[in-house]
Amino acid sequence: MTRSIFSLSVLAAAALAVGSARAADPGYVGTWASDLAQCKVPQERQEAPLVLSKDGYDQHETHCKFTSVDGADGEWKVKSNCTIEGTAEPYDFTLTVSGDTLTVTDEAGARDLLLCK
């Protein structure tokens with residue numbers, strides 16, 4: 001009986017830790033699209049939404065790993081190394097979150113994306 005109580009408490013602690021880790025994710029983590037219809041497009045298609053994790057992002061044939069993320073409270077300056085259709089390229093940009101809108105700003109300008117739900 002003691003063994004099963006211990007196992008349950010370990011599982012409960014692990015579940016709390018996972019929940020806490022998710023709560024600590026930056027506000028940019030999620031799936032973002034130019035319009036809500038784009039949220040349903042699979043990653044195999046060129047017009048797929050942007051999927052941001054804490055450490056990088058994926059969008060169709062573009063895969064980036066963040067080398068540094070500086071900021072908090074809704075704005076982050078990001079440096080990353082990307083592979084775009086098999087070609088390695090550095091990519092620096094800023095992410096700004098306001099409610100359900102993400103603004104990605106880079107040397108080409110700013111573009112707004114909506115949070116997919």
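**A closed barrel and its aromatic core**

Good morning. I begin at one end of the fold, where a hairpin of 2 residues joins β7 to β8. The model is a predicted one, in which local features need pLDDT of at least 70, side-chain atom pairs count only at pLDDT 80 or more, and totals for chains, interfaces and linings use all residues. Residues are numbered from 1 along each chain as its sequence is written, and side-chain values use heavy atoms, with hydrogens and water left out.

Let me turn to the overall architecture. The strands run β1-β2-β3-β4-β5-β6-β7-β8 in a closed barrel of 8 strands with antiparallel pairing. On average, neighbouring strands of this sheet are turned by 30° against each other, direction ignored. For that angle, axes are lines fitted to C-alpha atoms, for helices over the stretch in contact, and angles run from 0 to 180 degrees between N-to-C directions. Strands here are DSSP runs of E with at least two residues, helices being runs of H or I with at least four, numbered from the N terminus. Two strands count as paired if DSSP finds at least two bridges between them.

Which strand pairs with β1? Strand β1, residues 30-33, pairs with strand β8, residues 109-115, in the antiparallel sense over 2 bridges. Within this pairing, A33 has L114 in β8 as its bridge partner. L114 is also the bridge partner of T101, and β7 and β8 pair in the antiparallel sense over 6 bridges. On the other side of β7, the antiparallel pairing of β6 and β7 has 5 bridges, with S98 bridged to T101 in β7. β6 and β7 form a hairpin with 2 residues between them, and G99 in that turn has a positive phi of about 65°.

Next, the interior. The largest nonpolar core has 16 residues, and those with the most contacts inside it are Y28, L52, Y57, F66, F93, L95 and L102. A nonpolar core means buried Ala, Val, Leu, Ile, Met, Phe, Trp, Tyr and Cys residues joined through side-chain atoms within 4.5 Å. Buried means under 20% relative accessible area, exposed means over 50%, and partly exposed lies in between, using a 1.4 Å probe and protein chains only. At least two residues of the core come from each of β2 (50-52), β4 (62-72), β5 (75-84), β6 (87-98) and β7 (101-106). L95 may serve as an example: leaving aside residues up to four places away in sequence, L95 touches Y28, L52, G74, E75, W76, V78, L102, T103 and V104. A contact here means heavy atoms within 4.5 Å.

How many aromatic pairs does the structure hold? There are 5 aromatic pairs. Rings of Phe, Tyr and Trp (its six-membered ring) pair if their centres lie within 6.5 Å; planes under 30 degrees apart count as stacked, over 60 as edge-to-face, and the rest as tilted. Y57 and F93 form an edge-to-face pair, at 6.1 Å centre to centre with 80° between the planes. Because Y57 lies in strand β3 and F93 in strand β6, this pair ties together parts that are 36 residues apart in sequence. F66 and F93 are likewise edge-to-face, at 6.0 Å centre to centre with 65° between the planes. This second pair links F66 in strand β4 with F93 in strand β6, 27 residues apart. F66 is buried at 13% relative accessibility, and F93 is buried at 5% relative accessible area. Y28, Y57, F66, W76, Y91 and F93 form one aromatic cluster.

A polar detail deserves attention at T103, in strand β7. T103 is buried, with a relative accessible area of 19%. The side chains of T103 and D112 are joined by a polar contact of 2.6 Å. Such a contact is a pair of N or O atoms within 3.5 Å; within protein, one must be able to donate a hydrogen and the other to accept it, and residues adjacent in sequence count only if both atoms are side-chain atoms. Not counting residues up to four places away in sequence, T103 touches T94, L95, T96, A110, R111 and D112.

Finally, two loop residues. H60, in the loop between β3 (56-59) and β4, has a positive phi of about 55° although it is not a glycine. E85, in the loop between β5 and β6, is another residue other than glycine with a positive phi, near 50°. Is each of these residues buried or exposed? H60 counts as buried at 18% relative accessibility, whereas E85 is exposed, with a relative accessible area of 60%.
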